[in-house]
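Open the model in your viewer and keep the selection tool at hand. Each stop below says what to select and what is there.

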Amino acid sequence: MSRHRNVRTMNYDEDYEGYEDVYGHSVEDDYPSSPSGKPSHLCYLNVCTCNGISFLLVSVSQFIFDRSGSRAPQMSQFFDPENDIAEEPEEDGEMPRNRDVEKARQRLDSLTIDSAVDDAVAELVPEEEILLKSCLDEIRDVVGDSFLDKVVISHILHAKFNREKALDNLLSGVTVDPTNLSHVPKKMKTQRETPIVRPQPIKPKDPVVKVEAGPVKASSSGVTSISSKPVESLKVVPASSGKSVTVGFDIPKERSVTPSPVPDTLQPQQTNLKCPSPVPVKQETPKPSKKKDFKPDLALSEYTKERGSSKDLLNLLVIGHVDAGKSTLMGHVLFQLGQVPKKAMHKFEQESKKLGKQSFMYAWVLDETGEERSRGITMDIAQSRFETTNKSIVLLDAPGHKDFIPNMITGASQADVAVLVVDSTKGEFETGFESGGQTREHALLVRSLGVTQLVVAVNKLDTVGWSKDRFDEIKARLTTFLVRSAGFREAELIFVPCSGLQGENLTKTSTETDLTSWYKGPTLLTAIDELKPPERPVGRPLRISINDVFKGPGGQCIGGRVETGMVQPGDKVLVQPVGEVVTVKSITLDDGVGTTAFAGDPAIIALQGVSDANILFTGCLLSDPNYPCRVSSKFQARVVTFDAMTVPLVKGFTGVMHLGSLQEQVSVRKLISQLHKGTGEVVKNKPRCLMKNSNALIQLECSRPVCIEEFKDVKELGRFTLRYAGVTIAAGVITKVM
């Protein structure tokens, strides 16, 4: 049978779905055809003749309707086709990019620039590494992962750390010669060797060309270049058998010039970008200058003059498991000392009743935010101040919930001593003390961060009837853990039974006969007053850790703690790791007494001369411009692993390092040796992994350069903790900055 299609009566509606049944558009026929005029399959046509049915082989083009012969000429035939506007190819019609070819091209680019970029990056100084990583992060935010790291770095080095120029060249497809990567410092570009001209055979009686080089000049980039002279430098010397002939470059020895030195330091250009472009320091004749030795006498004399007759300052941190009653305990202490007015206390009582949380009224003294009061937990470090008989106390109330451990570590880095609050209620103490409880983790953290004196407040003892047996049980279990596992000395532990809600044995001797019948020790306030303040490193170069950055009435302000040295209004300080010098405009102390901040003081400092607010961030440091802090991304450390570690510590392990208020991702680059916990002797060299309760010497690398100091130089900046998956797994001290 022949195949017929009725195309004249077909309904060509826009919504017609039977597209494949329309003649000339079939895409699933067994014998696909092409309307080009060439027979692509056999088509049988029924032709009635006198001899019967004949079968003819015809092309498909005979069945296509020809508009040119049956209609009037179209208007387009009268236009000149040469002036037609060429249509742009549609995006959908472009050939897809071959992925294999693209990957091969990327590998070729990577092989071309890898060696040159690695050599250039290896010669960078720490300040340049900071600029490079900052520029790389900024460009990555724009282009994503479209370009390889080595390609982006080559453009940054070629643009001399100018982010805008590097980004423009990268997006414009500018090709960078990997063998010509150069920037301002001399460490990135070696001196060019003098080109060697091989002598050509000299014919007799032919003139010999003698090329005299011009004087050697030292360029500003530190590269010795040979200046070319005009035609006069080319002299024709007649050949002579009796005289020696010089061929090639002959540089006179008496005219050699030593290249001028290039400064190692860079001054970032003042701009609103996060990645400023470095500019070279003005070239001047270097004058040999001796670095002055640091003289601590001025700071010590000033400290004795201003603080000699005042009470000793003590930074007190309150720690413990969540719902142990830390905020209620210290809020009641402040109320009994008169730090909170009765009117404000009455207001807290009425508002807490409305929320059904009347027992939290004393906690609201320190928990000031609405979220903390509604949830009934402390979320950030709360700070207050009170005085005892001999001490001036700066109170730091730390959060107990495990989700806010980073905030607790920030407070622990500022503390001199600590108060550990435990809940004596049946089952509550065991919950906080067992594995995973914050009582154990908080104690390990404060000891790792330098706290050696601890007051243990056995709170809520009234819920068990002031039981002496319960107090002795808690004291025995905690003493064993704090001495053997945490590293405290038993002589520096003080246990005090109390009740934060009832206010018993806080600032006055308790009147409860059930308690006074067996306890004759000090009250909580007396125990705090007996703590000894640590030695203040006033005689060391200035170091100020930044915990908060905000815009104040006096301009850009930072809140932090003076770790070492002293600072006064008008002093020049260096912001690190950025490396910009600013001026201290004013200083505000918590007690409002004096304008000079010494080591150990928490202070709010207003700065002037800050070119960009982005150079100040939590975790950076203010230091003495003449004696800056060390900035590096690699260091060696002696670490101790804890029981909470769930996976072994191996090479390549990645965690989060907490150093003061700084939180930075680090990775283990090398396990150097495993040490004995007691003696510190090497037990095993190059161990494959570190398990729980191990002591070892390892090498760590940060994701970017940070401000760190060796523990022997500045203890406050030489301690850190290592956390993984929300758990503190190790703590250590920095032994060597690389």
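**Stop one: a pair of strands.** Select residues 543–552, strand β16, together with residues 555–564, strand β17. The two run antiparallel and are joined by 9 bridges. This model is predicted. Now look at the link between the strands: a hairpin of 2 residues connects β16 to β17. For one facing pair, pick S545; R561 in β17 stands opposite.

Stay with β16 and add residues 621–623, which are strand β23. Here 3 bridges pair β16 with β23, again in the antiparallel sense. Pick I544 this time, and L622 in β23 lies opposite. S545 faces β17, while I544 faces β23.

**Stop two: an open sheet.** Which order do the strands of the open sheet take? Colour them one by one: β11, β12, β10, β13, β14, β15. That makes 6 strands with mixed pairing. Next, select residues 382–387 (β11) and 493–497 (β15). Both are edge strands with a single partner each, so one side of each has no neighbour in the sheet. Turn the view along the sheet: neighbouring strands are rotated by 25 degrees against each other on average, direction ignored.

Zoom in on β13 (residues 417–423) and β14 (residues 454–459). These two run parallel, with 6 bridges between them. Select V419 and then V455 in β14 to see two bridge partners.

**Stop three: a helix under cover.** Select residues 405–412, helix α10. Is this helix mostly covered or mostly open? Mostly covered: 6 of its 8 residues are buried. Highlight I405, M408, I409, T410, G411 and A412 to show the buried ones.

**Stop four: a buried lysine.** Go to the loop between α8 (342–354) and α9 (370–375), and select K357. K357 is buried, yet has no salt bridge. Where is the nearest side chain of opposite charge? That is D323, 9.3 Å away. A salt bridge would need the charged atoms within 4 Å. Show the surroundings too: leaving out residues up to four places away in sequence, K357 touches S352, R373, S374, R375 and G376.

**Last stop: the whole chain.** Clear the selection and zoom out. The protein chain holds 15 helices and 32 strands. Of its 738 residues, 40% count as buried. Switch on the surface: the accessible area is about 42900 Å², and 50% of that belongs to carbon and sulfur atoms. Finally, consider contacts with a separation of 6 or more: 68% join residues 24 or more positions apart.

Methods
Residues are numbered from 1 along each chain as its sequence is written. This is a predicted model: local features need pLDDT of at least 70, side-chain atom pairs count only at pLDDT 80 or more; totals for chains, interfaces and linings use all residues. Side-chain values use heavy atoms; hydrogens and water are left out. Two strands pair if DSSP finds at least two bridges between them. Helices (H or I, at least four residues) and strands (E, at least two) are DSSP runs, numbered from the N terminus. Axes are lines fitted to C-alpha atoms, for helices over the stretch in contact, and angles run from 0 to 180 degrees between N-to-C directions. Buried means under 20% relative accessible area, exposed over 50%, partly exposed in between (1.4 Å probe, protein chains only). Lys and Arg count as positive and Asp and Glu as negative; His and the chain ends are not counted. Contact means heavy atoms within 4.5 Å. Accessible areas come from the Shrake-Rupley method with a 1.4 Å probe; for residues, only the protein chains shown count as cover.
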